Amino acid sequence: MEQMRKDLDEVMSAVRNMDGAMLYMSQRVAWNEVCFQQVQDSGVIHMAEMIKKVMDDHKKLQGQLNMFSMRLAALQSQDGDGESGGSHQKIMGKPSMNKFGS
């Protein structure tokens, strides 16, 4: 009978520990849900999606600009084949990543 009492106490202690852990975890989940809702409400997620779209569009535009620049350079070199001794200036330089465009 004494062994059964010890086993029961041990099981009850484990159940109390699990109950405390479950309470802690449910509190953390609730807090995370509140935080996530605040982030959603702030518009940060939407803004990040928009920034990603703008960056994708920028990469596409950069690629098109590079292709255009190469075509201009090819046209300039073809036009310059008939001229003798003339120096050729590039019409477009490499685009700058500086926010002021310089």
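Reader: Is aspartate 56 buried, partly exposed or exposed?

Author: In this predicted model, aspartate 56 lies in helix 2, as does lysine 52. The relative accessible area of aspartate 56 is 31%, and a residue is called buried under 20% and exposed over 50%, with partly exposed in between. Because 31% falls in that middle range, aspartate 56 is partly exposed.

Reader: What is the distance between the closest N and O atoms of lysine 52 and aspartate 56?

Author: Lysine 52 and aspartate 56 are four residues apart in helix 2, about one turn of the helix. An α-helix has 3.6 residues a turn, so residues three or four places apart point the same way. Lysine 52 is itself exposed, with a relative accessible area of 54%, and in its salt bridge with aspartate 56 the closest N and O atoms are apart by 3.3 Å.

Reader: Which residue forms a salt bridge with lysine 53?

Author: The search of the whole structure finds two salt bridges, and lysine 53, partly exposed at 44% relative accessibility, takes part in one of them. Its partner is four residues away in helix 2, and therefore the two are separated by about one helical turn. With the closest N and O atoms 3.2 Å apart, the residue that pairs with lysine 53 is aspartate 57.

Reader: Which helix gives the largest share of the nonpolar patch?

Author: The nonpolar patch on the surface is formed by Phe36, Val39, Val44, Ile45, Met47, Ile51 and Met55, with about 610 Å² of accessible area together. Two or more residues come from each of helix 1 (2-42) and helix 2 (44-79). Methionine 55, with a relative accessible area of 44%, has its place in helix 2. With five residues, the largest share comes from helix 2.

Reader: What is the distance between the end C-alpha atoms of helix 1?

Author: The chain has two helices and zero strands, and just after helix 1, glycine 43 takes a positive phi of about 85°. Helix 1 has 41 residues, and at 1.5 Å a residue it should therefore span 60 Å. The model agrees with that expected span, since the end C-alpha atoms of helix 1 are apart by 60 Å.

Reader: Over which residues is the pLDDT below 50?

Author: The chain averages a pLDDT of 84, and 78% of the residues score at least 70. One stretch, with three contacts in the model beyond near neighbours in sequence, has a pLDDT below 50. Where pLDDT is low, the predicted coordinates should not be read in detail. The stretch in question is residues 84-88.

Definitions and conventions:
Residues are numbered from 1 along each chain as its sequence is written. This is a predicted model: local features need pLDDT of at least 70, side-chain atom pairs count only at pLDDT 80 or more; totals for chains, interfaces and linings use all residues. Side-chain values use heavy atoms; hydrogens and water are left out. pLDDT is the predictor's confidence in each residue, from 0 to 100. Contact means heavy atoms within 4.5 Å. Patches are made of residues with over 30% relative accessible area and no salt bridge: like charges are joined within 9 Å, nonpolar side chains (Val, Leu, Ile, Met, Phe, Trp, Tyr) within 5 Å. Accessible areas come from the Shrake-Rupley method with a 1.4 Å probe; for residues, only the protein chains shown count as cover. A salt bridge is a side-chain nitrogen of Lys or Arg within 4 Å of a carboxyl oxygen of Asp or Glu. Buried means under 20% relative accessible area, exposed over 50%, partly exposed in between (1.4 Å probe, protein chains only). The expected span of a helix is 1.5 Å times one less than its number of residues.
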